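Here is a short report on how two chains meet and how parts of one chain are held together. Look at the structure first, then read on.

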Amino acid sequence: MTTTVQAVPKWTPTALDRLWGRDPDLRPALRRGLLGTPGLLFILVFFLYPLFLLVELSFQAKAGGWSSEHYLRIFNTTVYAQIIWKTAWISATVTLLNFLVAYPFAVALARSKGWVRIVLLISILMPFWTNLLVRAYGWIVVLHPRGLINTMLGGLGLIGEPVAIVHNTTGVLIGMTQIMLPYMVLPIAAQIEKMDGRLLQAARSLGASPLRTFAHVFFPLTLPGVFAGALMVFVLSLGFFVIPALLGGRRDILIAQLIHFNLTKVLNWELAAALSTILLVITLGIFLAAQRWFRLNSLWSEVK
Amino acid sequence: MTRSGKTIGGRVELIGLSRDYGDVQAVRNVDVTVAPGEFLTILGASGSGKTTTLMMIAGFVTPSEGEIRINGESILGRPPDKRNLGVVFQSYALFPHMNVADNVGFPLRMRNLPKAEIKAQTEEALGIVHLEGYGTRRIDELSGGQQQRVALARALVFRPPVLLMDEPLGALDRKLREQMQLEIKRIQRSLGLTVVYVTHDQEEALILSDRIAIMHEGRMHQIGSPDAVYERPATAYVADFLGESNFLDGVLSESTGGTSTVRLAGGKTIGAQACNLPVGSPVQAMVRPESIHLTTAETAGPVNSLAAVIEESEYLGQSIRYLAAVGELRLTLREPRRDGQRRYAPGDAVTLSWPHRATVVFPRGGG
């Protein structure tokens, strides 16, 4: 005897079903991905396409046709290599200074309550909401030889001559460190707030002094936030233009200024494109390395 | 202290311990002494002050008043890391950035022991909780039960005289919980540890404890062995919190020597355990559902017997629960299921009987 199997008519989702996410074959991740379509289109048209044009331009010879002459010129000219090196050095120093200032601030912010917390939050976010140029000129007012700091120090008799803290590397470091502060403070503070307070109690109960509790438990648990902040600050510093241009001296030319110079003064757009492409590749390389080593993804997703 | 073999458990004394939070008295005048090697459970509902009490012993909450002594020595002046007490937290509080061995070895590293010693003692502690060979596992690779064992090993590895446990099995499912209860009991006995255990689970308290301290609104209502607190509850709250109970309103009509008599609302009288209340005071008589029988057989000593009508019957597997009406009164009773036993149906007339000594008298209106 044979058994007949009643064929169940298979429901095939229409395009509309797909759009509404009613297609069971469409995996949930993909379905959520559809929500990103408008943003994705925007990025494609206004970001990725110009980026492609930029890279294309960097490979065009002055005399027409394809060439890598601009890249060869960059790598063979000492000044260019020095500027790239200086950019990396300044960015690394800004990142370190930022960490030293931001960490205690983030601890204070995460631990604060009520109005103290509001004051701390505003003091970190207020500059964030202020125009970059305004902030840069603000720093000049403060750091100038006849500015706030020098006047105060001179008035107290602590210094005879005004100290040079603007229109040089020091000025760039001070300005950039302050401006990048929120990028370091916020991820570290988020990490501290996510921390289970009982872990610290457990460490104490197991014999760790407050200092060793910090070193062995608290600090390691904030490291993802530190890495995220450092990455953000370093990468943003690499391409910084306004602060080095206004607070730096003549010798503090960074890669962004070099690009600007080639675009507006020398009108060598192909070379500017090549410099931009190099900056882009370095940035992407850093992100990929971070992704691989520090599992950057876990920073955006909730850690249990 | 020897490496292997028994640790000598410490004596814990809480003397007049109180903690206020503003106007709220979280813990009020608690006096308890935990003997060396004893398993004491502080049992209470949430907000009873049980965890606050434990955290005061651990050193995370400062008492408003009172004294805490371990082996006769006050520990109040010492920070948590100088108290040398093992603490197992509710959510285990394992360090997620360390593997199992580093978690368990943490207290030894903090005591600056030599590396070889740390390794040997960590392995021994993992052996005690049956996790040999798990040292290199990451914490998030472990099941809830395994995490619980790691937390236990970490709290035991430095051989503290006292182990404090704050609802350590709350997050586990029933089967695993029962298994871990046996494990904890085995380890506590074999090491001779003094344990102060906090839970809201009465069954867990009855299974694990040498003595149970029942806490309510910051006060210790009763401290005694599991059978003492279950069979002779000191207050109506204890009787109500621990297991099922029937409360019958009445008036104390007689109180002599070893027994007392209560006149119930309907006019019937029942015999009960002795109480030291004046005759004529309003009382509640408490009797456990499983103490009540539907036949008058096999009970030694004087027995209360009341004619009743079955109103409801529920089949529970191991037992059958009946709701019976005696005039205006309603009593719940529980009979163990036996093969070939008669099951009563609603409307059946029966006789309820229970021994006088299974009846406990509490003052009415008070807690």
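This is a predicted model. Searching the whole structure turns up 22 salt bridges over all chains. Side chains of opposite charge can pair when their charged atoms come close. Two of these pairs are listed here.

| Salt bridge | Distance, N to O |
|---|---|
| A:Asp252 and A:Lys86 | 3.1 Å |
| A:Arg204 and B:Asp81 | 2.5 Å |

**Within chain A**

Take the pair A:Asp252 and A:Lys86. A:Asp252 sits in the loop between helix H12 (242-247) and helix H13 (255-264) of chain A, while A:Lys86 belongs to helix H5 (residues 78-111) of chain A, so the salt bridge ties together parts that are 166 residues apart in sequence.

**Between the chains**

Now turn to the interface. The size of an interface is often given as the accessible area lost when the parts come together. Chain A and chain B bury about 1,900 Å² between them. Of this area, 63% is on carbon and sulfur atoms. Which residues of chain A lose the most area to chain B? They are A:Arg198, A:Ser205 and A:Leu206, together 33% of what that side buries.

Chain A brings 19 residues to the contact, and chain B brings 26 residues. Seven residue pairs are in polar contact between chain A and chain B. One salt bridge crosses the interface. Its partners are A:Arg204 and B:Asp81.

Which helices of chain A each supply at least two residues of the side that touches chain B? They are helix H10 (197-205) and helix H11 (210-238). H10(A) gives the largest share of that side, seven residues. By class, the side of chain A that touches chain B holds nine nonpolar, five polar and five charged residues.

**How H10(A) and H11(A) pack**

These two helices also touch each other. The axes of H10(A) and H11(A) come within 9 Å and cross at roughly 145 degrees. The crossing is right-handed. H10(A) contributes A:Leu199, A:Leu200, A:Ala203 and A:Arg204 to the contact. From H11(A) come A:Pro210, A:Thr213, A:Val217, A:Phe218 and A:Leu221. By class, this contact has seven nonpolar, one polar and one charged residues. A:Arg204 therefore appears twice: in the contact of H10(A) with H11(A), and in the salt bridge to B:Asp81.

Note on methods:
Residues are numbered from 1 along each chain as its sequence is written. Chains are lettered from A and ligands numbered from 1 in the order in which they are written. This is a predicted model: local features need pLDDT of at least 70, side-chain atom pairs count only at pLDDT 80 or more; totals for chains, interfaces and linings use all residues. Side-chain values use heavy atoms; hydrogens and water are left out. Contact means heavy atoms within 4.5 Å. Buried area is the accessible area (1.4 Å probe) that two parts lose on being put together, summed over both. A salt bridge is a side-chain nitrogen of Lys or Arg within 4 Å of a carboxyl oxygen of Asp or Glu. A polar contact is a pair of N or O atoms within 3.5 Å; within protein, one must be able to donate a hydrogen and the other to accept it, and residues adjacent in sequence count only if both atoms are side-chain atoms. Helices (H or I, at least four residues) and strands (E, at least two) are DSSP runs, numbered from the N terminus. Ala, Val, Leu, Ile, Met, Phe, Trp, Tyr, Cys and Pro count as nonpolar, Asp, Glu, Lys and Arg as charged, and the others, Gly among them, as polar. Axes are lines fitted to C-alpha atoms, for helices over the stretch in contact, and angles run from 0 to 180 degrees between N-to-C directions. A crossing is left-handed if the near helix is turned anticlockwise from the far one by less than a right angle, and right-handed if clockwise.
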